[in-house]
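Thank you all for making time this morning. I would like to walk you slowly through one model, and I will ask you to keep the structure in view while I talk.

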Amino acid sequence: MKMWRALGYDYLKSNNIILQEKDAQEMTTMSLKMSSTFIKERFKLEKSSETIYDEMKDIARNFYKNDCLLKIGAREILQDFKNMNYKMLLGTGTPHEFLEPFLEREDLYKYFSDIITCDGIGIKKDNPNFFLFCSEKLNSNPKDVTLIDDAFFALKAAKTLGMKTIGVYDEVNKNVLDILKSVSDQFVYNLSDIKL
C-alpha cells in the first residue's frame, strides 16, 4: 500500500500537482488503470489516461519485480492454511502483469486456486460485488469465506456480504486504525497472529 500511495503522490508532484488526502484515499480503492483515468479526469491533464498509465506502470512493475517484500508471517500463514486444506484465492487491485514476477520470485502461485484483479473483472475492492465474485470463484457462500486484508474499504465491502473479516495492520493504514478495527472480526499487527 505504501508504494501505491507514494506512486500517486510522486507522479502528480512531477506534474506540479499536490495530491490531497481525499483524492489519495479514493485512489487506494482503484487499480492502476482506474487511477490513471481518475488522474486524467480529476486533474484535467493533457496527457491521455493511457500515457499516464504507461508512465506509472513502469515504476510499479519495477517495484514488484525487485523491491516488494512479503509481510512478516505471510509465507508461514499461507503454508499453514495450505496444510489445513483451506482453499485460498488472491483478490487484489494490483494488475496481474505486476504481480506475476513477484509471485514467481516468492513461489506463491502454489497457494492460490485463483487470482482475481480489479482490472480483470472491472470492479473496485470497495464494491461488495468484487468479493461476491471471489466467493463464487471459491464455490462458496460469502458467509463461509474469510477475508484477510489491510484496507478498511475492502473489509467494509466484504462485511456487507456477511464475510468474516481479519484486518491487518499496515503503516499506511495507521491513520484509520479505528475504522479498520470496526470492520474487522479480528485485528492483527502481524499475519502470524491470525487465529482461525
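Let me begin with one methionine, M84, which is found in the loop between α5 (74-83) and β1 (89-92). Please keep in mind throughout that what we are looking at is a predicted model. Is M84 buried, partly exposed or exposed? With a relative accessibility of 45%, M84 counts as partly exposed, because that class covers values between 20% and 50%. On the surface M84 joins Y86 and L196 in a nonpolar patch, and together these residues have about 310 Å² of accessible area.

From there I would like to turn to charged side chains. As a general point, side chains of opposite charge can pair when their charged atoms come close. In this model the count comes to 15 salt bridges, and I will take some of them in turn.

The side chain of R42 meets that of D23 in a salt bridge, with 3.2 Å from N to O. Since R42 lies in helix α3 (residues 32-42) and D23 in helix α2, the pair ties together parts that are 19 residues apart in sequence. The partners are covered to unlike degrees, for R42 is partly exposed, with a relative accessible area of 41%, whereas D23 is buried, at 6%.

A further salt bridge joins D185 to K159, and here the closest N and O atoms are 2.6 Å apart. Which parts does this pair tie together? D185 sits in the loop between α10 (177-182) and β5 (186-188), while K159 belongs to helix α9, so the parts that are linked lie 26 residues apart in sequence. K159 counts as partly exposed, with 30% relative accessibility.

E55 and K47 also form a salt bridge, their closest N and O atoms being 3.0 Å apart. Both are classed as partly exposed, E55 with a relative accessible area of 31% and K47 with 28%. Salt bridges can also be joined up, as with E26, K124 and D126, which are linked in a network.

Finally, let us look at the second largest pocket, which has a volume of about 180 Å³. Helices α2 (21-27) and α9 (152-159) are the elements that give two or more residues to its lining. There are 15 lining residues, and R5, Q25, V172, N173 and V176 are those that lie nearest the centre of the pocket. By character, the lining divides into six nonpolar, four polar and five charged residues.

Terms used. Residues are numbered from 1 along each chain as its sequence is written. This is a predicted model: local features need pLDDT of at least 70, side-chain atom pairs count only at pLDDT 80 or more; totals for chains, interfaces and linings use all residues. Side-chain values use heavy atoms; hydrogens and water are left out. On a 1 Å grid over the protein atoms alone, a cavity is a set of points where a 1.4 Å probe fits but cannot get out, and a pocket is an open set with protein on both sides within 12 Å along at least five of seven lines; lining residues have an atom within 4 Å of a point. Grid points are joined across faces, edges and corners, and a volume is the space filled by probe spheres set on the points. Helices (H or I, at least four residues) and strands (E, at least two) are DSSP runs, numbered from the N terminus. Ala, Val, Leu, Ile, Met, Phe, Trp, Tyr, Cys and Pro count as nonpolar, Asp, Glu, Lys and Arg as charged, and the others, Gly among them, as polar. Patches are made of residues with over 30% relative accessible area and no salt bridge: like charges are joined within 9 Å, nonpolar side chains (Val, Leu, Ile, Met, Phe, Trp, Tyr) within 5 Å. Accessible areas come from the Shrake-Rupley method with a 1.4 Å probe; for residues, only the protein chains shown count as cover. A salt bridge is a side-chain nitrogen of Lys or Arg within 4 Å of a carboxyl oxygen of Asp or Glu. Buried means under 20% relative accessible area, exposed over 50%, partly exposed in between (1.4 Å probe, protein chains only).
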